[in-house]
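Subject: Structure handover and notes

Dear colleague,

Here is the structure I promised to pass on, with the sequence alongside. My notes on what was found in it follow below, arranged by topic.

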Amino acid sequence: MGVRKIGNIILIQLSDIDSNIYVLGDTVIDTGTGFNFTRMYSLMKALKLDPKNIKHVVNTHGHFDHIGGNGYFLNADVSIHEKDADIIEKADIKRSYADFFNGQLRPRKVDRKLKEGDIIDAEELELEVIHTPGHTEGSICLYDRAKGILFTGDTIFADGIGRTDMPGGNPADMEKSLQKILNLEKITTILPGHGEPVLTNARKVLEEIILGTEQT
């Protein structure tokens with residue numbers, strides 16, 4: 001747990017239950033549960049970052065461990081796929097899985113309801129929205145085609161794929177999403193929603209995970 005720099009991307013890992021939090025300039029991808037505000041603030045302060053200066057929050061899906069910390073960034077607009085947007089706007093305790101974490105949500109406006117192919121400019125990256133349902137209906141990956149960087153949320157981890165037995169999960173959708181990811185032309189780096197990033201042999205790791213899943 002702690003802070004790691006991957007090029008211009010800052011990875012913050014607060015605890016085992018929080019999602020990975022990626023900081024790209026004035027943009028943050030996923031925000032954790034919100035339970036560890038003091039630690040989050042201390043780490044950002046050490047990095048000379050101010051939560052007040054974050055302008056954009058992008059959530060890869062609507063589960064609590066990825067959206068609960070959106071309140072860290074009150075000056076930011078919020079983006080999430082249109083199919084998960086009402087989880088945030090209605091503070092849906094069940095679909096967000098907040099009740100599992102004994103967490104609370106407050107309704108918040110979603111400023112940008114993302115769709116397949118939308119582009120998010122973050123620091124030096126041009127991130128394309130890849131709709132990858134399976135873990136939730138509105139799960140997305142974010143893909144920089146030029147650099148081959150793929151933020152995978154809870155669709156793919158360094159050692160496996162996301163669960164499909166949680167609110168919004170669908171095994172058939174997950175299978176199609178994995179194939180869509182496998183068809184991406186260039187993948188050099190995998191930055192998942194939990195656990196360690198894949199910084200070398202990313203294509204090989206991806207193929208082993210997905211093809212291994214298909215065989216089981």
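What volume does the second largest pocket have? The answer is about 240 Å³, and, as with everything below, please bear in mind that this value was computed on a predicted model.

The pockets

The second largest pocket is lined by 15 residues, of which D65, D154, R163, M166 and H194 are the closest to its centre. Sorted by class, that lining is made up of 7 nonpolar, 4 polar and 4 charged residues.

The largest pocket has a volume of about 290 Å³, and among the 15 residues of its lining the ones closest to the centre are I67, G68, G71, L105 and R106. By class, the lining of the largest pocket holds 7 nonpolar, 6 polar and 2 charged residues.

The sheet of 7 strands

One open sheet has 7 strands in the order β1-β2-β3-β4-β5-β6-β7, and the pairing within it is mixed. Its edge strands, each of which pairs on one side only, are β1, covering residues 2-6, and β7, covering residues 112-114. From one strand to the next, the twist in this sheet averages 20°. Helix α1, residues 37-46, packs on the sheet and touches β1, β2 (9-13) and β3, with a direction that makes about 150° with that of β2.

At the β1 edge, strands β1 and β2 run antiparallel and are joined by 5 bridges, and I6 stands opposite I9 in β2. The hairpin that these two strands form has 2 residues between the strands, and G7 takes a positive phi near 65° there. Further along the order, β3 (residues 21-24) and β4 (residues 27-29) pair in the antiparallel sense over 3 bridges, with Y22 having I29 in β4 as its bridge partner.

The sheet of 5 strands

A second open sheet has 5 strands in the order β8-β9-β10-β11-β14, again with mixed pairing. Here the edge strands are β8 and β14, the latter spanning 189-192, and each of them pairs on one side only. The twist averages 25° from one strand to the next.

Strand β8, residues 119-122, runs antiparallel to β9 and is joined to it by 4 bridges, and the bridge partner of I120 in β9 is L127. Strand β9, residues 125-131, is mostly covered, since 6 of its 7 residues are buried. Strand β9 also pairs in the antiparallel sense with β10, residues 140-144, over 4 bridges; in that pairing I130 stands opposite C141, while H131 has I140 as its bridge partner in β10.

Two residues with positive phi that are not glycines

You may wish to look at two backbone positions in the viewer. The loop between β8 and β9 contains E123, which has a positive phi of about 55° although it is not a glycine. This loop belongs to a hairpin with 2 residues between the strands. E123 has a relative accessible area of 48%, and because exposed is reserved for residues over 50%, E123 counts as partly exposed.

The other position is Y97, in the loop between α3 (85-89) and β7, where the residue has a positive phi of about 70° although it, too, is not a glycine. Is Y97 buried or exposed? Its relative accessibility is 17%, and because buried means under 20%, Y97 counts as buried.

The surroundings of M174

Finally, M174 lies in helix α4, which covers residues 171-182. Its relative accessibility is 2%, so M174 counts as buried. What, then, is M174 in contact with, once its neighbours within four places in sequence are left aside? The contacts are with P133, G134, H135, T155, I161, G162 and T164. One of these, H135, is 39 residues away from M174 along the chain, yet the C-alpha atoms of the two residues are separated by 6.8 Å.

With best wishes

Conventions: Residues numbered from 1 in each chain as written. Predicted model: local features only at pLDDT ≥ 70, side-chain atom pairs only at ≥ 80, totals over all residues. Heavy atoms only, no water. Pairing = 2+ DSSP bridges. Axes fitted to C-alpha atoms, helices over the stretch in contact; angles between N-to-C directions. Contact = heavy atoms within 4.5 Å. 1 Å grid on protein atoms, 1.4 Å probe; cavity = no way out; pocket = protein on both sides within 12 Å on 5 of 7 lines; lining within 4 Å. Points joined across faces, edges and corners; volume = space filled by probe spheres on them. Nonpolar A, V, L, I, M, F, W, Y, C, P; charged D, E, K, R; others polar. Buried < 20%, exposed > 50% of the residue type's maximum accessible area, 1.4 Å probe, protein only.
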